[in-house]
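Student: Could you walk me through the enclosed empty space in this model, taking a close look at the cavities and what lines them?

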Amino acid sequence: MHSSTRLLFRAAASHRTASATIQHRTLSVRPGSVFKAHHKIQPAAQASFVRWTTSHTAVPPSSDEPAKKPCCASKKTTDDQPTHHSSKVKSSLPISSLQFWSDPSIWKVASTNTFRCLIGCTVGDMGMLFYLQSQHPEMSPGLAMAAAMTSGVLTSITLETVLLRFSRASAMTWQAAFKTATGMSLISMLTMEAVENAVDYHLMGWNNIDLYSPLFWQAIGWSALAGWSAPLPFNYWNLKRHGKSCH
């Protein structure tokens, strides 16, 4: 009787000790990997814990699955296509070949760039010429044309800076836009203004401004057309050969 009682007391004490030990055990588990226990436990309890951990742990997706493409991956890039300011397309064809001068896309970009330059140069150049002829008629034509060409370069840089700053395609800051504008080809701008002034002087002479005369406006039109045409081959060549434009 006494031995049976002692056995029951011993079994109860062992059960309480085992329960307390399991409660104070610390397990270090990493999802998807083999866990390590700081204390040894029975194989049956370990297997039960593994099954519970596996069923409650999120399994990461397999690395073999193909990654989803972003929504904009289908959009084609146009980095290799010429833009209004530069082109990555460079040609090694000889300049004397007809094929070198037969690229419609390059002609289109060069024409657009030259026209933008024409607007800025013409406003400053012709405006200064008209002012000097009306307010300072004693000034020599050569000196007046030099001042007009300087004014044309400044207005062209100013206009290009504003266009680059507020253009959605470029989205430049004021500093970057001004730096790009000052990098425009002076050869193109000075050639344009020199031809404009020469044609205007040939058609109208000096100190002969008449805003109501059709000949006056025809002279401006012919001067602008000549100024646009003069640097156009150079701008085409620079864009085709070196991938650089006048802007």
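Tutor: The second largest cavity has a volume of about 30 Å³, and keep in mind that this is a predicted model. Around that space you'll find Leu129, Gln133, Met145, Asn197, Asp200, Tyr201, Gly205 and Trp206. Two elements, α3 and α6, each give two or more residues to this lining, with α6 making the largest contribution at three residues. Chemically, the lining of the second largest cavity splits into four nonpolar residues, three polar ones and one charged. The charged one is Asp200.

Now for the other one. The largest cavity holds about 40 Å³ of space. Its lining is made up of Phe130, Gln133, Asp200, Met204, Gly205, Asn208, Ile209 and Phe216. Here too, α3 (104–135) and α6 (186–204) each supply at least two residues. The breakdown for the largest cavity is four nonpolar, three polar and one charged, and Asp200 is again the charged residue.

If you set the two linings side by side, Gln133, Asp200 and Gly205 turn up in both. On the other hand, Phe130 and Phe216 belong to the lining of the largest cavity, while Tyr201 and Trp206 belong to that of the second largest.

As for the overall tally, the count comes to two cavities of 30 Å³ or more.

Technical notes
Residues numbered from 1 in each chain as written. Predicted model: local features only at pLDDT ≥ 70, side-chain atom pairs only at ≥ 80, totals over all residues. Heavy atoms only, no water. 1 Å grid on protein atoms, 1.4 Å probe; cavity = no way out; pocket = protein on both sides within 12 Å on 5 of 7 lines; lining within 4 Å. Points joined across faces, edges and corners; volume = space filled by probe spheres on them. Helix = DSSP H or I, 4+ residues; strand = E, 2+ residues; numbered from the N terminus.
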